[in-house]
Amino acid sequence: MTDPEQLEAHMSLPLFDDVAVTQESLFIDGVWKPAASGANFDVTNPATGEVLALVSGGEREDVRAAIAAAEAAFPAWAGLTSYQRADCLLEAHRLMLESAEDLARLMTLEQGKPLKAARNEVKYAADFLIWFAEEAKRVYGSTIPSARSDQRFLVQHQPVGVVAAITPWNYPVSMITRKVGPALAAGATILLKPAKQTPLTAIAVFKILEKAGIPAGVANLVTTKNPRVFSEEVMASKVVRKVTFTGSTEIGKMLARDAADTVKRVSLELGGHAPFIVYPDADPVHAAKGVALVKFLNTGQACISPNRIFVHRSIADAFLNELKNRVGKLRAGNGLEASSGIGPLIDTPSMEKMERQVADAKKLGATVVAGGERLTGTEYDGGNFFPATVLSDVTPDMEIYREETFGPIAPVILFDDEDDVVAMANDTDYGLASYIYTRDLSRALRVAEQLRFGIIGINDINPTSAAAPFGGVNQSGLGREGSSEGILEYLDTKLVGISI
């Protein structure tokens, strides 16, 4: 089947039977509708370059309508019991798992990741729905003793109000539920703008929310090719009290500045430049396996992807040999093909960045151990395919040492001293994820405390879960998503003083 035919096969399923993606991809006040202007934009498959669909291109009028719908729906939604809101999220969880295969295939079509990875993401996305359904019932208050005998203090947590969410293309389902789940659990209402590259999976998620019984206006979707239109309207509105964003540090800073005018609460999950430290006592084969699994996940297009791989000189040869062998078995290809280990990059600028970083590294003395050049040929020419690549002899003067790659390039840097490598790892403005491989428990704990990152994986390449707090420090963001902390981002604290 061609791409449009594959899409039609999935969009004709019951989950999507009354959504016309060519005309009606905005979900505002419980109604699927076209953009008020009639504008549309293309959605393409990054593996083939073919147009999958046209979706509605929302403009200012549509954003304003979504804000008004969320504002109108807020009192009734906030007034429900936490058990009632939890029931809606539990039903959404059930529907998402029921539709998991179709949602995964749809994600692979528009985002490109291998189908196995897409299936894993759907499960991860569903986890946030059930986790926050449970957390809704655990928003506890407290009492505080007063110094006055005739006074009592009560502390309550109440929903922040209308929330605006902006989600990325690299994890187009789980990043939605990681924001919508806690917002709805807390009693807030929401309007969401998905990335222009991946609106189809967002449509599918909101169809699930609709079928789960989320009342009209509580969850609103605005697809648009012009993200600035959405952010400007949201930031200018006094109704929107919180903005949550996952994306680049550059855009996050801009949103934080804009939010200051109306003093909105802001949650930012931004870029990363994760160090991966392999100490001399680590098993180099085990460490290389870990790097290969996490570095090339989602074609390296993940904020927690290792960007600087520090390996002790004494085990460098064994590590590089194993990494080269594993990378050699990773076949790039269309994510719908079972043999594909990594999918395409999302777009042409991403490809150009890979080529630029490799050229710069080679010019300054790096060695290409594997990969290194854009893939061409019949099965690749229509898409943006770059192979799993390993560079050795990487030094601090190279662009790839300083700049987040967001692609399938693994730069290896040798080190000799523990103190030096910690300093090198911390030598970045980012602070999201980091990794340590060692058999020495004392060293692991000591280094974990010294690393200035929000997430530390010790012999663990997947230190994430719906139950665990996710977020960074420094220029990697503000706030936490997931865990019991995640719902607090959508709650205001209210103090009640009572004189008796």
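1. A quick definition before we start: a residue is called buried when its relative accessible area is under 20%, and exposed when that value is over 50%. Keep in mind as you read that this is a predicted model.

2. Let's begin with helix α15, which runs over residues 441-450. Four of its residues, R443, A444, V447 and A448, are buried. Why do they end up together? They sit on the same side of α15, because they cover an arc of only 125° around the axis. Turn to the other side of α15 and you find L441, S442 and E449, which are exposed.

3. What do the buried residues of α15 pack against? Their partners are α14 (418-426), β17 (433-437) and β18 (455-458). Have a look at the start of α15 too: there a side-chain oxygen of D440 comes to within 3.0 Å of the backbone nitrogen of S442. Remember β17, since that strand comes back in point 5.

4. Helix α9 (residues 249-259) makes a good second exercise. Its buried residues are T249, G252, L255 and A259. If you look down the axis of α9, these buried residues fall within an arc of 120°, so they line one face of the helix. E250 and R257, on the other side of α9, are exposed. The cover over the buried residues of α9 includes β7 (162-166), α8, β10 (240-246) and β11 (265-269).

5. Now for the rings. How many aromatic pairs does a search of the whole structure find? The count is 8. One of them is F276 with Y435: the ring centres are 5.5 Å apart and the planes are at 25°, so this pair is stacked. F276 belongs to strand β12 (residues 274-278) and Y435 to strand β17, so the pair ties together parts that are 159 residues apart in sequence. Both F276 and Y435 are buried.

6. F276 has another ring partner, Y437. Here the centres are 5.0 Å apart and the planes are at 25°, so this pair is stacked as well. F276 is in β12 and Y437 is in β17, so the parts being tied together are 161 residues apart in sequence. The relative accessible area of F276 is 0%, and Y437 counts as buried at 3% relative accessibility. Put the pieces together and you have one aromatic cluster, made of F276, Y435 and Y437.

7. Rings can have charges over them too, and there are two cases to look up. The charged end of K113 sits over the ring of Y171, 4.0 Å from its centre. In the other case, the charged end of K242 sits over the ring of Y490, at 5.2 Å from the ring centre.

8. K113 and Y171 turn up again around N298. You'll find N298 in the loop between α10 (284-295) and β13 (306-312). Is N298 buried or exposed? At 4% relative accessibility, it counts as buried. Leaving out neighbours within four places in sequence, N298 is in contact with Q111, K113, N170 and Y171.

9. K242 leads on to E489, a residue in the loop between α16 (483-488) and β20 (491-499). E489 has a relative accessible area of 17%, so it is buried, given that the cut-off is under 20%. Not counting residues up to four places away in sequence, E489 touches K242, R265, S267, G479 and R480. With S267 there is also a polar contact of 3.0 Å between the side chains. As for distances along the chain, E489 and A186 are 303 residues apart in sequence, but their C-alpha atoms are 9.1 Å apart in space.

10. Pick out V234 next, in helix α8 (residues 227-236). V234 counts as buried, at 2% relative accessibility. Which residues does V234 touch, not counting those up to four places away in sequence? They are V63, I67, A164, L191, V240, V243 and K264. V234 and A66 are 168 residues apart in sequence, and the distance from C-alpha to C-alpha is 10.0 Å.

11. Last, the wider view. The unreviewed UniProt entry carries the annotation "domain: Aldehyde dehydrogenase" for residues 32-496. Over that stretch, residues 32-496, the chain is 40% helix and 20% strand, and the end C-alpha atoms are 41 Å apart.

Notes: Residues are numbered from 1 along each chain as its sequence is written. This is a predicted model: local features need pLDDT of at least 70, side-chain atom pairs count only at pLDDT 80 or more; totals for chains, interfaces and linings use all residues. Side-chain values use heavy atoms; hydrogens and water are left out. Buried means under 20% relative accessible area, exposed over 50%, partly exposed in between (1.4 Å probe, protein chains only). Helices (H or I, at least four residues) and strands (E, at least two) are DSSP runs, numbered from the N terminus. The arc is that of the directions from the helix axis to the C-beta atoms. Contact means heavy atoms within 4.5 Å. A polar contact is a pair of N or O atoms within 3.5 Å; within protein, one must be able to donate a hydrogen and the other to accept it, and residues adjacent in sequence count only if both atoms are side-chain atoms. Rings of Phe, Tyr and Trp (its six-membered ring) pair if their centres lie within 6.5 Å; planes under 30 degrees apart count as stacked, over 60 as edge-to-face and the rest as tilted. A charge sits over a ring if NZ of Lys or CZ of Arg is within 6 Å of the ring centre and within 35 degrees of the ring normal. UniProt positions are given in the numbering used here, feature names are shortened, and annotations may be inferred rather than shown by experiment.
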